[in-house]
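Student: I am new to this structure and would like a close look at a single part, the place where the two protein chains meet. Please take me through that part slowly, and then show me how it relates to what lies around it.

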Protein chains: 2
Amino acid sequence: MTDDRRAAGTPTLEDVARAAGVSRATVSRVINGVRNVDPVIQEAVRQAVSVTGYTPNRAARSLVTRRADAVALVVSGAGIEPEAAPEASGNGSEAGTSGDGNSFTAQVFADPFFGRVVTGVVNYLRPRGMHPVLMFAESSRAREEVVAYLRQGSADGALVVSTHAEDPLPALLAEAGLAAVLFARPARPVPVSYVDLAHQDGARLAAEHLLGRGCRRTATISGPLDVPAGQARLTGFRDTMARHGHPYIPVAEGQFTQESGEAAMERLLAEHPDLDGVFAANDLMALGACHVLREHGRSVPGDVAVVGFDDSSAALACRPPLTTVRQPVEGMAAEMTRLLLDRLARPDGPVTSVIFEPELVVRGSA
Amino acid sequence: MTDDRRAAGTPTLEDVARAAGVSRATVSRVINGVRNVDPVIQEAVRQAVSVTGYTPNRAARSLVTRRADAVALVVSGAGIEPEAAPEASGNGSEAGTSGDGNSFTAQVFADPFFGRVVTGVVNYLRPRGMHPVLMFAESSRAREEVVAYLRQGSADGALVVSTHAEDPLPALLAEAGLAAVLFARPARPVPVSYVDLAHQDGARLAAEHLLGRGCRRTATISGPLDVPAGQARLTGFRDTMARHGHPYIPVAEGQFTQESGEAAMERLLAEHPDLDGVFAANDLMALGACHVLREHGRSVPGDVAVVGFDDSSAALACRPPLTTVRQPVEGMAAEMTRLLLDRLARPDGPVTSVIFEPELVVRGSA
DNA sequence: CTGAAAGCGCTAACAC
DNA sequence: GTGTTAGCGCTTTCAG
């Protein structure tokens, strides 16, 4: 409205400088909050900025600062090589699977876990004027793209959440000398920082709770055993049980999906119809287990006590609500983000890991 | 290893040009696939590229092309003004709400709907070498940031998904002349393209199905009535019922959350203990309704038939699985993305809207 | 068909 | 304190 606008498109530093009667450098200083600028001039510049409606051009800035002020949030999958379609979870008209050939992304978001990661990341990034670029890396081609993206300088670093063990991405990033931080310890050691949960302690809490309620014939639905977290939760549960006089615990392996939890529960029930307690390695599987138990005429927690893991929204979606081991995902994601920004600030800083402690949340199911 | 690398950091066009014995311009042409380049030279350049390990610098390219090759995926919320904390959904130790003050992001991902949007967007963007930047715009400050982000040229356009009516963001973007496409028609007309579902048709399908099964005393749990989708689903349901001789249909308003669905079902049951059919405006609320019905000793679908809406993963998490109205979210999100890219290619193209048809998916609950 | 050269908008030495 | 000046790495006329 204030016909101050030149013929040109968006205003540039030059325009602001002219309007304020100073040099580009000075305007730049004011905008970037560099000290040593006369307060009077500062004010004049600010005026000029608002009059011209100036917004700094990110590309130009990045070109010289060599910072994109963006990070990639990568969900990395299995080492599926060429275009291989993920299996697991039925296909066809199943909810959330429709249309799109690639169901990896769909599967990822089926677990409330990932939404919580996003929440934690975004909440840490936002106050710092940064935003995550969402990427999926489930094929080797996709992984190359992630690496290329970072090498191009489109993002300053990567936050990677692996859904499978043996994920090659962390190593690729490390080799390329790119900044990255992982959610969960990699299956094979890689010189990259990560945050993780004390999974064994969590499983111990679950075991002790079940024992405390008087369960004597417990079984467990484990996560995928090639994933460190799945393995650790199983080990923790077994060890605690063994220490309390229960050396043998029936195990059915699941894949962290509700469906696999249902199948696992069916197997467990078939072989051990008299069980009175179940520890599922995540809430989604616990939810599936509850459904199956009910279908088989078992009441929860009356006949069988069920303990989940994560404390995701699925825990509350269940009836009765799940007693579960809380994993502070949002906090862990925020810490992961903090570690990455730290590293960007000091590229030679040490590689570290931060381990969070789980907490038992007692609700109705056990 | 091939000690070709100069002292400098990442290789630049200049380096490739030198290695190939041509000019920067030629290398640029080859990389950008411009015709009119001698095949022999092309090959030489490609060699040089792989030898040097060259990756184009995105900032430098953006600076001249004025394209970021990135789009913002914005989840836009209510018109909450200053730092106001969202209410709804209890606090404290509730799942998914822990720690972080701002629960907007957490709430967003609690509905599987959003994950499906992401899936659709990513699947369309990826083959085109683009990735979405995730942003939340639940406060006026956050909205300004989104606008600033686009004005800075960090993203070429925005895909916006509003969770509430009266969202001011679409208008802000339109005024600023920024490219955007919406998921769902805005409550107030705004000159921006959008994709949407024929909500009334979907509700009609649900009504007809309930009638077809012989339900005579149906009620509905509506979505928030200030949201066009909530309103349309209610209207569609009521109209169809009226047309079939049921002019009065009990309604309880929900907020599209499982919790609100439970509360609504409680109210409905208190006033109409004899109802035999329920249409919930989304699956999450239908899930809540099923739980409450069971707690009150009603079997589903034996005593009360329940139909949901969306066909999200919640539909399968329910026992029995929900009969529901499928909304092709992934396809809609992909189309929304296509519309945005179209618009970026032809900024003067027409503002359009694409309406998708819903489909009834019959499962166990009705 | 290829090269030379002019910037894109900004920051950061370096002078004054 | 502030202005001048040199690029950051790339695309793109414009000559040849």
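Tutor: The area buried between chain A and chain B is about 5,200 Å², and carbon and sulfur atoms give 50% of it. Within the share that chain A buries against chain B, A:Arg126, A:Gln152 and A:Arg319 supply 13%, more than any other three residues. Please keep in mind throughout that this is a predicted model.

Counted by residues, the meeting place brings 55 residues of chain A into contact with 56 residues of chain B. How many salt bridges does the rule find across the interface of chain A and chain B? The count is 6, and A:Arg126, already named for its part in the buried area, has its side chain in a salt bridge with that of B:Glu138, at 2.9 Å from N to O. As a general point, side chains of opposite charge can pair when their charged atoms come close. Polar contacts between chain A and chain B amount to 24 residue pairs, with both residues at pLDDT 80 or more.

If you follow chain A along its sequence, you can find the elements that build its side of this interface, for at least two residues each come from helix H4 (58-65), helix H5 (104-110), helix H6 (112-125), strand S2 (131-137), helix H7 (140-151), helix H11 (258-271), helix H12 (283-295) and helix H13 (313-317) of chain A. Sorted by class, the residues on the side of chain A that touches chain B are 20 nonpolar, 20 polar and 15 charged.

It helps next to ask how the two copies are placed. A turn of 180° with a shift of 0.0 Å along the axis lays chain A on chain B with an RMSD of 0.1 Å. The two copies are therefore related as by a two-fold rotation axis. The interface fits this picture, since 100% of the interface residues of chain A are also interface residues in chain B, so the copies meet through the same surface.

From the protein interface we can move on to the DNA, where helix H4 of chain A, which we met at the contact with chain B, appears again. The surface near DNA strand D receives at least two residues each from helix H2 (24-31) and H4 of chain A, and from helix H2 (24-31) and helix H4 (58-65) of chain B. DNA strand D is surrounded by 28 residues, the closest being A:Thr26, A:Arg29, A:Arg66, B:Leu13 and B:Tyr54, and sugar and phosphate make up 61% of the strand's atoms that come within 4 Å of the protein. Two of these residues approach the backbone of the strand: a polar side-chain atom of A:Arg66 is 2.2 Å from a phosphate oxygen of DNA strand D, while a side-chain N or O atom of B:Tyr54 lies 2.3 Å from a phosphate oxygen of DNA strand D. The side chain of A:Arg29, by contrast, places an N or O atom 2.5 Å from a base oxygen of DNA strand D.

DNA strand C is likewise surrounded by 28 residues, and here the closest are A:Leu13, A:Tyr54, B:Arg29, B:Ile41 and B:Arg66. Of the atoms of DNA strand C within 4 Å of the protein, sugar or phosphate holds 63%, with the rest in bases. A:Arg29 takes part here too, with a side-chain N or O atom 3.4 Å from a base nitrogen of DNA strand C, whereas the side chain of A:Ser28 has an N or O atom 2.8 Å from a phosphate oxygen of DNA strand C. From the other chain, B:Ser23 uses a backbone N or O atom, which lies 3.1 Å from a phosphate oxygen of DNA strand C. By class, the surface near DNA strand C has 13 nonpolar, 8 polar and 7 charged residues.

One residue of this second surface deserves a last look. B:Arg66, among the closest to DNA strand C, is found in the loop between H4 and strand S1 (70-76) of chain B, and B:Arg66 has a positive phi of about 60° although it is not a glycine. In general, most residues other than glycine have a negative phi.

Methods
Residues numbered from 1 in each chain as written. Chains lettered and ligands numbered in written order. Predicted model: local features only at pLDDT ≥ 70, side-chain atom pairs only at ≥ 80, totals over all residues. Heavy atoms only, no water. Contact = heavy atoms within 4.5 Å. Buried area = accessible area lost by both parts, 1.4 Å probe. Salt bridge = Lys/Arg side-chain N within 4 Å of Asp/Glu carboxyl O. Polar contact = N/O pair within 3.5 Å; in protein donor to acceptor, adjacent residues only side chain to side chain. Helix = DSSP H or I, 4+ residues; strand = E, 2+ residues; numbered from the N terminus. Nonpolar A, V, L, I, M, F, W, Y, C, P; charged D, E, K, R; others polar. Least-squares fit on C-alpha atoms with pLDDT ≥ 70 in both. Near = heavy atom within 4 Å.
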